[in-house]
Amino acid sequence: MKVLSIQSAVAYGHVGNSAAVFPLQRIGVEVLPVYTVNFSNHTGYGAWRGPLISPDDVREVITGIEERGVFGEIDAVLSGYQGGEGIGEVIIDAVARVKAANPAAVYACDPVMGNAKSGCFVAPAIPILLREKVVPAADIITPNQFELGFLTGTEPDTLESTLASVDLAMAMGPSTVLVTSVERPDREDDTIEMLVADAAGAWIVQTPRLPMKANGSGDVTAALFTAHYVGSGDAKTALERTASSVFDLLAATLESGARELQLVEAQEFYANPRMQFTARQVR
C-alpha cells in the first residue's frame with residue numbers, strides 16, 4: 001500500500017506527519033510525506049520556530065512526485081491539520097490528480113478544527129473551507145465528536161444523535177465516517193468511545209479513558225484507521241485494530257511520564273495489536 005500524506009511536520013515530538021508516518025511504515029505501508037509546515041515542535045508549547053511552507057511550494061513537491069509517475073500506485077491520500085486557507089485547494093487538486101491516475105484511490109481527511117474543551121482553534125476561514133470544499137471531496141473523514149457537530153451544524157451527544165450527525169456528514173460526500181472522542185452521557189464512567197459508519201453498518205468501541213492529553217494521537221488514529229480500512233474494507237476490524245494500537249500507545253506514554261507520544265517505543269502495538277477491545281454493531 002502507498003499513502004500520500006500531506007501534513008505538518010515537527011523536529012521534536014510527534015504530530016502531523018511526524019506522528020503518522022512511522023506507525024504506517026511499521027505496518028508495512030509505503031508513505032510519501034509532504035510537509036505543510038516544518039516546525040521545531042508543535043504549537044501547544046506556546047513557542048516554536050521554523051517555516052510555514054507556502055501552498056505553492058507544497059504544490060511543487062506534489063507535482064515533483066507526480067512527475068516520477070507514481071500517482072497511479074497511490075492507494076490513499078491523507079491530510080490533517082490545515083494551517084492556512086491555500087493548503088486546502090492544493091490538497092483537493094492533489095486528490096483529483098491521484099484519482100485520475102488511480103480511480104480506486106481514496107482520500108482520507110482528518111478535519112482538524114478543535115475539541116470540546118478548547119473549542120475551535122483554527123483560523124476562522126478553515127471550518128468553512130473544510131465544510132464546503134474539503135469534506136465533500138473526501139471518501140473517509142475522521143472528526144472528533146466536536147468537529148462532527150461543527151461540520152454538520154448539530155450537537156451530537158447521545159448515540160442516536162451522533163449517528164444522525166454521521167448521516168448528515170455522509171450526505172456531504174464521504175462514504176465512511178470515523179468519529180473519535182465520543183462521549184455519551186450514558187456510557188460507563190472513565191471510558192471513551194470511537195464510532196465508525198459506512199454503507200455496511202455502524203460500530204462503536206469503548207476503551208478506558210486515560211488521564212492525559214496527548215498531542216498527535218488523533219493523527220496516529222486517522223493514519224492507522226485509513227490504512228487498516230483501505231487494506232481490508234472492513235470497518236469493524238479497522239476500528240478494533242486502531243483502538244487497540246492507539247490505547248496501548250497512550251498507555252505507554254502515560255506510564256513514561258513524558259509529554260510527547262512514545263511513538264517509537266510503542267511500535268510493537270502497531271505491528272501486532274493486542275485486539276483487546278471488541279466493537280459493537282449499533283446499526
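Trainee: What makes up the secondary structure of the protein chain?
Mentor: Nine helices and 11 strands. Helices are DSSP runs of H or I with at least four residues, strands are E runs of at least two, and both are numbered from the N terminus. This is a predicted model: local features need pLDDT of at least 70, side-chain atom pairs count only at pLDDT 80 or more, and totals for chains, interfaces and linings use all residues. Residues are numbered from 1 along each chain as its sequence is written, and side-chain values use heavy atoms, leaving out hydrogens and water.

Trainee: Why is the protein chain called as compact as a globular protein of its length?
Mentor: The globule rule is 2.2 Å times the number of residues to the power 0.38, and the radius of gyration is taken over C-alpha atoms. For 283 residues the rule gives 19 Å; the chain has 17 Å, which is close, so it is called that compact.

Trainee: How many strands form the open sheet, and in what order?
Mentor: Nine, in the order β2-β1-β3-β4-β7-β8-β9-β10-β11, with mixed pairing. Two strands pair if DSSP finds at least two bridges between them.

Trainee: Why is one side of β2 and of β11 left without a neighbour in the sheet?
Mentor: β2 (30–39) and β11 (280–281) stand at the edges, and each has a single partner strand, so one side stays free of a neighbour there.

Trainee: How do you know that β7 and β8 pair?
Mentor: Two bridges join β7 (residues 140–141) to β8 (residues 176–182). That meets the requirement of at least two. The strands run parallel. Isoleucine 140 stands opposite threonine 176 in β8.
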